[in-house]
Each structure stands twice: as structure tokens, then as C-alpha cells.
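Hi,

Here is the model I said I would pass on. Have a look when you get a minute, and then read my notes underneath.

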Amino acid sequence: MEQRSPDVGIKIYTPTKTPPPEDADTASAPEPVPAKGRGSSDDAAAAPAGRKRKAVAKGVQKTLSKTSMLANFLPTGTLLTFEMLLPSAYGSGECSGVNTSMIHALLGLCSLSCFFFHFTDSFKTPDGQVYYGFVTPRGLSLFKTGLGVEVPQDERYRVRFSDLVHAVMSVMVFAAIALSDFRVTNCLFPGHVKEMDQVMESFPVMVGVVCSGLFLVFPNTRYGIGCMAT
């Protein structure tokens, strides 16, 4: 703006502020609209699969947390083998005849291992070699004959009533752990989910208390396959 002083012929210029130019690109830029195409459909399809994996992981974690104390009564590796093979037997959760038969076979094999491994024992030779065998009324019978090893004839290597008690308790513990998994109960007892949930809230605890008391009365002194002495 131009101003003139009345006394002195000097022109004074006062700067004026001009508004900044509007950013045409910013003002006219439309808001991005999410495209509905293949990516959104893939995300929608992946969502149920992710929820299913989370549900399976949550079920396994819940089973292990409820039965962590009982796992100490099982032969080493039995529970790990069961949890590794169960997803293959369960499949996609349809519980068809094939899936149910595979779960029955898995339960039977693990139960047999829990039972028979309590009738095994071992001894160590002076050279440090360890040999395993079955305990019988006449003594220890090695798995492999013709080794030329002198087998101890001690009384502790004969089968006893406590071996049967340990074997039966081990099968009971494994049954409590297996039935705590929803994948097993869904296929073996379809339509009774609520009833099984109520039963399995207290059944593992009862089995743990009973087996703990019996193991105190009949302590395990064998060093068989997967069975450490208590």
C-alpha cells in the first residue's frame, strides 16, 4: 500500500500480507477408497482358518495346563507322542468314521505303551552298558537274547503286585489326559460336549489325587523304558 507524508515528499510503502495460495492438489484430492478385490476375499477366507488355529492351540494349552501334574506319572514321551499324532488323526474336525477309528487306534497304542512299559526294567554291567528287559515271575528277560551277558537274579527283577498297580494307574492317568482334549471328546462323544466339560473339570484332579496316594504307598523302584524311579 502506498502512503504519502504531508510534510516531506517521500512515498512510504507498507507491505501487505497476501494469503498463501491454496494447494489445489490437496484440496481436490479424493479420499482413497479401499478396493474390493482379490485381497479382501483372501483376508476373509484366511480369517476362519486363523480362528481355527487359535482354537486348537488354546485347547492344547488348556489340556496341558490341567494335566501337567498327571504327566509325571506317564512313561517319558507318551504324552508328547499323543499330542503330535492327534492332529493328524483328528483331521479337519469332521469326525468321520476314518478319523474316529484313527483316534481309537492312537488311544489304544498309547494306553498299551503306558501299561507294558511299567513291566520293564534295566541293569548296568561293569563296563557301563545298560540292558533292558521285561520283568517276569522268574526274573528279568532281556529283549534280545544271545548277548552273552549275565542277567542279575535279584528279587527286585521279579514281577510284583506293585507293577500291576503302576500299570493300571498309568493307563488311568493317560485316559484323564486324553479325554481332557476337546478333539477326542468331540469325536468319541458327539452331542455331549457340555456333559463332558463338566465331568473333565474334576476328573483329572480326582485321578491325580488318587494316583499320588497310591504311588506313595507303592513307590516305583524300576528303571524301565521311560519309567524313572520315584
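Below is what I found, going from the cysteines to a sheet and then a helix.

Before anything else, keep in mind that this is a predicted model.

**Cysteines**

How many disulfides are there? The count comes to 1. The partners are Cys95 and Cys187, with 2.1 Å between their sulfur atoms. That puts the pair inside the 2.5 Å cut-off for calling a disulfide. The link between Cys95 and Cys187 is left-handed, at -75° about the S-S bond. What I like about the pair is where the two ends sit: Cys95 is in the loop between α3 (78–90) and α4 (97–116), while Cys187 belongs to helix α6 (residues 182–188). They are 92 residues apart, so the disulfide ties together distant parts of the chain.

The two ends also differ in burial class. Cys95 has 23% relative accessibility and therefore counts as partly exposed, whereas Cys187, at 7%, counts as buried. The line between those classes is drawn at 20%.

Then there is Cys114, which is in no disulfide. Its nearest cysteine sulfur is that of Cys110, 6.7 Å away. Is Cys114 buried or exposed? Cys114 is buried, with a relative accessible area of 0%. Cys211 is buried as well, with a relative accessible area of 1%.

**The sheet**

Next, have a look at the open sheet of 3 strands, which runs in the order β3-β4-β5 with antiparallel pairing. β3 (120–124) and β5 (139–142) are the edge strands: each has a single partner, so one side of each lacks a neighbour in the sheet. From one strand to the next, the twist averages 50°.

For the β3 and β4 pairing, strand β4 covers residues 130–136, and the two strands are joined in the antiparallel sense over 5 bridges. If you want a spot to zoom in on, Lys124 stands opposite Val130 in β4.

**Helix α5**

Last one: α5 spans residues 161–179, which makes 19 residues. From first C-alpha to last, helix α5 reaches 27 Å, close to the 27 Å expected at 1.5 Å a residue.

Which residues of α5 are buried? Towards the start of the list come Ser162, Asp163, Val165, His166 and Ala167. It continues with Met169, Ser170, Val173 and Phe174, and finishes with Ala176, Ile177 and Ala178.

That's everything from my side. Shout if you'd like to go through any of it together.

Cheers

Terms used:
Residues are numbered from 1 along each chain as its sequence is written. This is a predicted model: local features need pLDDT of at least 70, side-chain atom pairs count only at pLDDT 80 or more; totals for chains, interfaces and linings use all residues. Side-chain values use heavy atoms; hydrogens and water are left out. Helices (H or I, at least four residues) and strands (E, at least two) are DSSP runs, numbered from the N terminus. The expected span of a helix is 1.5 Å times one less than its number of residues. Buried means under 20% relative accessible area, exposed over 50%, partly exposed in between (1.4 Å probe, protein chains only). Two strands pair if DSSP finds at least two bridges between them. Axes are lines fitted to C-alpha atoms, for helices over the stretch in contact, and angles run from 0 to 180 degrees between N-to-C directions.
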